[in-house]
Amino acid sequence: MTISYTAEAGQAVLLVARAGSDASNLDALQLLRDSLVAQVGSSGKVDFEQVDRIEEGAAALASAQYDVAILNPVMPHAIEHSSGVLERVLLALKPSGTLVLYEFVLDTAAGIEGLPTTRTQGELEQQLKFAGFIGTRVEVQAVSAEGLLKLAAANGSIASATGRVLAATALASKPAYNVGAAAALSFGKKAKAKELGPSSVVVPKKAWVLSVDSDDEAEIEDQDELLEDEDLTKPDAASLARPDGVVAKRKACKNCTCGLAEGRMVDESEECKPTDKPKRFTKPVDVVNVKSACGNCSLGDAFRCSSCPYLGQPSFKPGEKVVLGGSMLHDDFMP
């Protein structure tokens, strides 16, 4: 039994089936192909491809070449189209192209031994969506006696298939773009501006705005006009000299010894001769009665602070005076 399909003039049709050794199957495919060739005319084309070659990747289907793809159109529909076949057919279709698919489905998920069909109507529709098709619609009907006989002839005697096998017709379409297509996202700003008109375009607010609406700010002074001619004259050294009779006041030195730093009246004509920085005399450290603040002075240099008065001396007991025994002229080594 051949399912009739009407193609439009100028369309490119892809016919996918499995051409078996059954003469009636080959005749039905040829009749369908001749009918489609007559419908599309000289400006269209009808290509045939084996489903097994598509699944194995041996058939090189060009991308976006066909308006319609018809899969497994003649009985028996004992083909379960894999996800690889559906994805390759999707790539071969043009944007918004149509897919027509025929295959047997089961009424429940429990399979039948010896039957290649293992999925239900819902699983077929789900597989088409996973492959990338949209607008998927699957319709089922009971298989006729002729269809069961051809199914039994192709797959052996399947008595348990009666009443459980349904003939499914799936219609789907490819999205209105090719795989890998890209488009800029305007987020609807330009379209919204066109709908509302140019008067509705919102101008962004500036960070700095100079307002000249008031009378006070209507006229802006020119800075160059505020300068006089004498302001532009470069002063010479004579004009920068001190007036006659004015003596410059001397500043006190850092280490002042003449009393100027203390505010005394000094002779300005005499040159101040500051002395060197006075030396600081530290009070000798009482190494006997000194009290350690850290408690580590008696432990040795490894535990002492950088300002410890015992640096360089050996360790000792607290309160004990450090005395070096023996003569420094003799070594400590005794043969």
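Read along the sequence, this chain alternates strand and helix in the pattern β-α-β-α-β-α-β-α-β-α-β-α, which gives six helices and six strands. Please keep in mind as you look around that the model is predicted. The chain has 335 residues, of which 25% count as buried. Its accessible surface comes to about 24100 Å², and carbon and sulfur atoms hold 54% of that area. Among contacts with a separation of 6 or more, 67% link residues that are 24 or more positions apart.

Let us begin with the sheet. The strands form an open sheet of six, in the order β2-β1-β3-β4-β6-β5, and the pairing is mixed. At the edges you will find β2 (45–50) and β5 (134–142), each of which pairs on one side only. On average, neighbouring strands of this sheet are turned by 15° against each other, direction ignored.

Now follow β3 and its partners. β1 and β3 run parallel and are joined by four bridges; in this pairing, Val-13 stands opposite Val-68 of β3. β3 also runs parallel to β4, with five bridges between them, and here Ile-70 stands opposite Val-100 in β4. How many of the six residues of β3 are buried? Five of them are, so the strand is largely enclosed by the rest of the structure.

Toward β5 the sense of pairing to look for is antiparallel: β5 and β6 pair this way over seven bridges. One facing pair to find is Arg-137 and Leu-171, the latter in β6. Ala-167 is a good place to pause, as this residue also lies in strand β6. Is Ala-167 buried or exposed? Its relative accessibility is 14%, and because buried means under 20%, Ala-167 counts as buried. Leaving aside neighbours within four places in sequence, Ala-167 is in contact with Glu-103, Phe-104, Glu-139, Val-140, Gln-141 and Val-143. With Gln-141, which is 26 residues away along the chain, the C-alpha separation is 5.4 Å.

Next, turn to the helices that pack on the strands. α3 lies across β3 and β4, running at about 155° to β4. α4 lies across β4, β5 and β6, and runs at about 155° to β5.

These elements lead us to the nonpolar cores. In soluble globular proteins, nonpolar side chains tend to be buried together. The largest nonpolar core here has 27 residues, and the members that touch the most others are Ala-69, Leu-71, Leu-86, Leu-99 and Phe-133. Two or more residues each come from β1 (12–17), α2 (51–56), β3 (66–71), α3 (83–92), β4 (93–106), α4 (121–131) and β6 (165–173). Of these elements, α3 gives the most, with five residues. To see the packing around one member, centre your view on Leu-71. Not counting residues up to four places away in sequence, Leu-71 touches Val-16, His-81, Val-85, Leu-86, Val-89, Leu-99, Val-100, Leu-101 and Tyr-102. Apart from the largest core lies another, of 11 residues, which includes Val-13, Val-40, Val-46 and Val-100.

Finally, move along the chain to the segment after α6 (189–196), where Ser-315 has its place. Which residues does Ser-315 touch, not counting those up to four places away in sequence? They are Ser-298, Leu-299, Gly-300 and Arg-304. Ser-315 is also 18 residues from Cys-297 in sequence, and their C-alpha atoms are 7.9 Å apart in space.

Cys-297 itself deserves a look. The structure holds zero disulfides. For Cys-297, the nearest cysteine sulfur is that of Cys-308, 3.6 Å away. A disulfide needs the two sulfur atoms within 2.5 Å, so a pair beyond that cut-off does not count, and Cys-297 is in no disulfide. Cys-297 is buried, with a relative accessible area of 10%. Cys-305, in turn, has 40% relative accessibility and counts as partly exposed, because that class covers values between the 20% limit for buried and the 50% limit for exposed.

Conventions. Residues numbered from 1 in each chain as written. Predicted model: local features only at pLDDT ≥ 70, side-chain atom pairs only at ≥ 80, totals over all residues. Heavy atoms only, no water. Core = buried A, V, L, I, M, F, W, Y, C linked by side-chain atoms within 4.5 Å. Buried < 20%, exposed > 50% of the residue type's maximum accessible area, 1.4 Å probe, protein only. Contact = heavy atoms within 4.5 Å. Pairing = 2+ DSSP bridges. Axes fitted to C-alpha atoms, helices over the stretch in contact; angles between N-to-C directions. Areas by Shrake-Rupley, 256 points an atom, 1.4 Å probe, with all protein chains shown as cover.
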